[in-house]
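Work through these exercises with the model open beside you. Try each task before you read its solution.

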Amino acid sequence: MKKVWILTILSISLTACSFSSSGNEQQSKEDVPASSQKESEQNAADKENQSSSSEETEEAPAEEEKDTASEKTEKDKVLEDGTVEVGEPESVQVVVNKTRKLPGDYVPEDLTVPNVPFYFTEDHPKKQMREEAARALEELFAAAEQDGIDLVAASGYRSYDRQKRIYERNVEVYGKEETDTFSAQPGTSEHQTGLAMDVTSAQVAFKLEQSFGETTEGEWLADHAHEYGFIIRYREGAKEITGYMYEPWHLRYVGKEISTDVHEQAVTLEEFFGLYPSDE
Ligand SMILES: [Zn+2]
């Protein structure tokens, strides 16, 4: 029983999204849209990818980030380990990644449940997004429906404490070094901002997998998400920059102006704000 439970924790911790934000770990397995051999293989790949990318991102000199195009870094605080605690976590433009962390006590004040279909029916904190993002998501879903696109929401807000429990459990089992190669440290998940939502569709059996990007829903999102203030946060081929593999399902709200610019420039959020590459 314990082994199954541990494997479940591991399986939901392997991507930036981690699929689940259940308040009850023992129910986590049900929260994962689906478990399949293919997904296991993908997770194994994620583990490998994130191992190499995390080594690279750690080299980024945090102090250099102050002199960038992002005005949002002015209040950032450089921590002892060289990473940054973001100074304005409530900004819809906040950049969160493996070297730019959210404060542990940051909980968005305006979390609400967007009125969109989810792949599960029960109440759950992960249905939440911040107010502005939730309204934008509703507009996006409505526009998609008009175009005959059936989107389903999977996972939004996830608390620092929830991520911390997952991470610490993995450290107990695998040790810190091994854990850091596949499990997001607390504070580094964009889902804690309340500005992210994982979206999927029946075409991929409501899974969060890369093939979603090739479905009509995934293609529609790539073409139109920016019109409603969202970007596909983890672009294909940008693992070295974002720290994560391609996630066509992970939408991040940044507001229409930035989302449009990011879309037109076809860059990552890190590049858009001049956070990558860092100067030597
Ligand atoms: Zn996600």
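## Exercise 1: the sheet with strand 1

Strand 1 and strand 2 (residues 84–85) run antiparallel and are joined by two bridges. The model is predicted: local features need pLDDT of at least 70, side-chain atom pairs count only at pLDDT 80 or more, and totals for chains, interfaces and linings use all residues. Residues are numbered from 1 along each chain as its sequence is written.

Task: find the residue opposite K77, then find the edges of this sheet.

Solution.
- Fix the terms. Strands are DSSP runs of E with at least two residues, helices are runs of H or I with at least four residues, and both are numbered from the N terminus. Two strands pair if DSSP finds at least two bridges between them.
- Locate K77. Its opposite residue is E85 in strand 2.
- Order the strands. The open sheet has three, in the order 1-2-3, with mixed pairing.
- Read off the edges. Strand 1 (77–78) and strand 3 (100–101) each have a single partner strand, so one side of each lacks a neighbour in the sheet.

## Exercise 2: the four-stranded sheet

Task: give the strand order and the edge strands, then locate the partner of D198.

Solution.
- The order is 6-7-9-8 in an open sheet, and the pairing is antiparallel.
- Strand 6 (152–155) and strand 8 (230–234) are the edge strands, each pairing on one side only.
- From one strand to the next, the twist averages 45° (axes are lines fitted to C-alpha atoms; angles run from 0 to 180 degrees between N-to-C directions).
- Strand 7 (residues 196–200) and strand 9 (residues 247–253) are antiparallel, joined by three bridges.
- D198 stands opposite H250 in strand 9.

## Exercise 3: the two sides of helix 4

Task: which residues of helix 4 are buried, and why do they lie on the same side?

Solution.
- Check the span. Helix 4 (residues 131–146) has 16 residues and reaches 23 Å from first C-alpha to last. That is close to the expected 22 Å (1.5 Å times one less than the number of residues).
- Apply the burial cut-offs. A residue is buried with 20 or more other C-beta atoms within 10 Å of its own, exposed with 12 or fewer, and partly exposed in between; C-beta atoms are placed from the backbone.
- List the buried residues: A133, A134, A136, L137, L140, F141 and A144.
- They cover an arc of only 165° around the axis (taken from the directions from the helix axis to the C-beta atoms), which puts them on the same side of helix 4.
- Turn to the other side. A142 and Q146 are exposed there.
- Look just past the helix. G148 takes a positive phi of about 80°.
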